[in-house]
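Subject: The model for you to look through

Hi,

Here is the structure I said I'd pass on. Have a look at it first, and then read my notes below.

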Amino acid sequence: MVDVDLSQPPFTLLDEAGRERVRAGVDLAYFDRDEVILDAGQPGEYVYLIHKGEVAELDPTLPSATSRIGHYTAGDLFGAISILNGKSRYRFKAEQESLCYLLPKALFRELGEHYPPFAEFFRQSLSHKARLLTERRAEGGVTMAGFMLARIEECMREPLRLGGETSIAEAVAALNERRADSLLVQEGERFGMLTKTDLLNALVEQGLSAASPVAGITHFALITATPGQYLFQALVEMTRHEVARVVVVEGGRPVGVVELTDVLSHFSSRSYVVSLQVEQADSLEELVRASARTPELVQALMAQGVKLRFAMDLLAALNGRIISKAWTFMVDERYRADSCLMVMGSEGRGEQILKTDQDNGLILADDLDWPGLGEQMNAFTETLIRLGYPPCPGNIMVSNPAWVASLSSWKQRLGGWAEARDGDSLMKLAILLDAHGVAGNPALLDALRDELFARCSRDEILLSYFARTALRFSTPLTLFGSLKKPQHGIDIKKGGIFPIVHGVRTLALERGIRPTSTLARLEALAADGRLEARFAEDLGEALALFTELRLKQQLARLHGEHEGEDTNRVVVQRLSSLERDLLREALHMVKDFKQRLSQRYHLEYS
């Protein structure tokens, strides 16, 4: 029996009996340098697993200078597609002396029949393969299934319903009888939420009589979800909207309620504890202590296998609440309705996991008189530093008067940037395009964004200048399509994250797409027909992969590992074979996307 390492996908999709069949059925073969292992047009007889050496994948239909389209090293697989298709499309040649395990065709097909996920692995897209990487992160505790697969319909409770004419006394009696904390009130065709706290406040603070109808104290602006949504998304909505329950709606009618206690029965309490500490903070000191726990939450979410998008959603909502609460502590209530605090950059897109540099600005109503504004904004910037948000090296903060202005002044600045089209102006437009309001009056930001789209979305020359920045950094692939492997690592931010983020941002600007998240923009571009749905999904998975690899570096730094290394750089040699395979595919997606941008905005000769 051959001793072969089967700890990586796709062999992890087999059970132990299946892996024993592999060990018993494989042989070890030696190939000399420049020897052709599998030629184009040749029937597939084996799946090859490289033990030592390097193998090139060649397209014989291309000129020799460009025929090398793939590169495989220890732990990589090739040859499966030639079995599935009947013959090999490409040539595989040893670039140095190589040892390969040979899995016979008959055994490969038997494994595929007995283990469908094993066979499906070889036909999967980047998005499906990336899920395997997520699953491998689960390390006990609440598993990926607990976080990812639990649906709202599995734990929603039947709502208590009463008519709007019901008295407060009758509502209290109904809640006590059902031992419930909330109920739904129907008034005509609309539904609202009423809690025990609402009833208590109505009697004690408002002085209403027990005979008063409940319709007058009911909240008809509901936070809703659908039965098929993930339970984790309900947690995100509760955090974002500062509520303890969501109403489950189907076909326009409420069919259930999910309470925060329902969510806690499925999830680790860590995320709830941090959220609760933020909400219960009654002073800046308490908020600072709660904010300091977010790195702990990030590590828990990653260890438990939570899909990166859900983790980003939760952290974005939590960071938004921290900043909003700090704003409430420091800014007098009389100024809040006439101002809008906006966050930008990765925070504005909801793509910040660990706290990074501040990127924020302030929009003021045109007639607002705010004495001492400058001093208060300086103090707010210092408070954010205490909360764990470092100052922005580019000084894009409310402590800088250049990022604080009335709505009319902001519109004038925007117009000047659109006309100038220089590098600094285009950068500021990009920053503003990602802005998200976290405190104050969001209508001010909506008005500014209306102006931005009106001025820029149909300006072909500006869009061309804007898009060019996405091509600024080279993709870290060799001329032959394999991963570059510098000792200091490849810059995953410049080579992978930025081209996707800015390229998608450009398309969103052109199409007037309002969401700021890159993933939400991709979905909107697919729905709009601007991108194929499959390409948009894979591009989103590529971005998630880059972000996760970068986050892995950042978490390692928190644990004192790789001191002095740039966390934007990923050392390819440290990655598993699956991670290398995914990274190579993802970078080819980036290369394809950049070519599409180049063609759309006529950048071929720029």
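To start with the chain after the helices: does H602 count as buried or exposed? H602 counts as exposed, because its relative accessibility is 60% and the cut-off for that class is over 50%. Do keep in mind that this is a predicted model. H602 sits in the segment after α25 (577–600). Its phi is near 55 degrees, a positive value in a residue other than glycine.

N395 is another one to click on. It has a positive phi of about 60 degrees although it is not a glycine. You'll find N395 in the loop between α17 (373–386) and β17 (404–406). With a relative accessible area of 34%, N395 is partly exposed.

Now the sheets. One is an open sheet of four strands in the order β17-β16-β15-β18, with mixed pairing. Its edge strands are β17 and β18 (436–440), each of which pairs on one side only. From one strand to the next the twist averages 25 degrees. β15 (residues 339–343) pairs with β18 in the antiparallel sense, over four bridges, and V343 stands opposite H436 of β18.

Two helices lie across strands of that sheet. α17 lies across β15, β16 (360–364) and β17, and runs at about 150 degrees to β16. Helix α20 (residues 442–456) lies across β15, β16 and β18, and runs at about 70 degrees to β15.

There is also an open sheet of three strands, ordered β9-β10-β11, again with mixed pairing. Here β9 (161–163) and β11 (190–195) are the edge strands, pairing on one side only. The twist in this sheet averages 35 degrees from one strand to the next. β9 and β10 (residues 182–187) pair in the parallel sense over three bridges, and the partner of G163 in β10 is Q186.

On to helix packing. The axes of α12 (residues 284–291) and α14 (residues 308–330) come within 11 Å and cross at roughly 170 degrees. Angles over 145 degrees count as roughly antiparallel, so that is how α12 runs relative to α14. On the α12 side the contact is made by L284, L287 and S291, and on the α14 side by I322, K325, A326, F329 and M330. By type, the residues of this contact divide into six nonpolar, one polar and one charged.

α14 turns up again around helix α23 (residues 518–528), so to speak. Which residues of α23 are buried? They are T518, L519, A520, R521, L522 and L525. What covers them includes α14, α16 (345–349), α19 (423–433), α22 (492–511) and α24 (533–558). Both ends of α23 deserve a click too. At the N-terminal end S517 is the cap, with a side-chain oxygen 3.2 Å from the backbone nitrogen of L519. Just after the helix, G529 takes a positive phi of about 85 degrees.

That's what I have so far. Shout if anything in the viewer doesn't match.

Cheers

How values were computed. Residues are numbered from 1 along each chain as its sequence is written. This is a predicted model: local features need pLDDT of at least 70, side-chain atom pairs count only at pLDDT 80 or more; totals for chains, interfaces and linings use all residues. Side-chain values use heavy atoms; hydrogens and water are left out. Axes are lines fitted to C-alpha atoms, for helices over the stretch in contact, and angles run from 0 to 180 degrees between N-to-C directions. Angles under 35 degrees count as roughly parallel, over 145 as roughly antiparallel, 65 to 115 as roughly perpendicular and the rest as oblique. Contact means heavy atoms within 4.5 Å. Ala, Val, Leu, Ile, Met, Phe, Trp, Tyr, Cys and Pro count as nonpolar, Asp, Glu, Lys and Arg as charged, and the others, Gly among them, as polar. Buried means under 20% relative accessible area, exposed over 50%, partly exposed in between (1.4 Å probe, protein chains only). A polar contact is a pair of N or O atoms within 3.5 Å; within protein, one must be able to donate a hydrogen and the other to accept it, and residues adjacent in sequence count only if both atoms are side-chain atoms. Two strands pair if DSSP finds at least two bridges between them.
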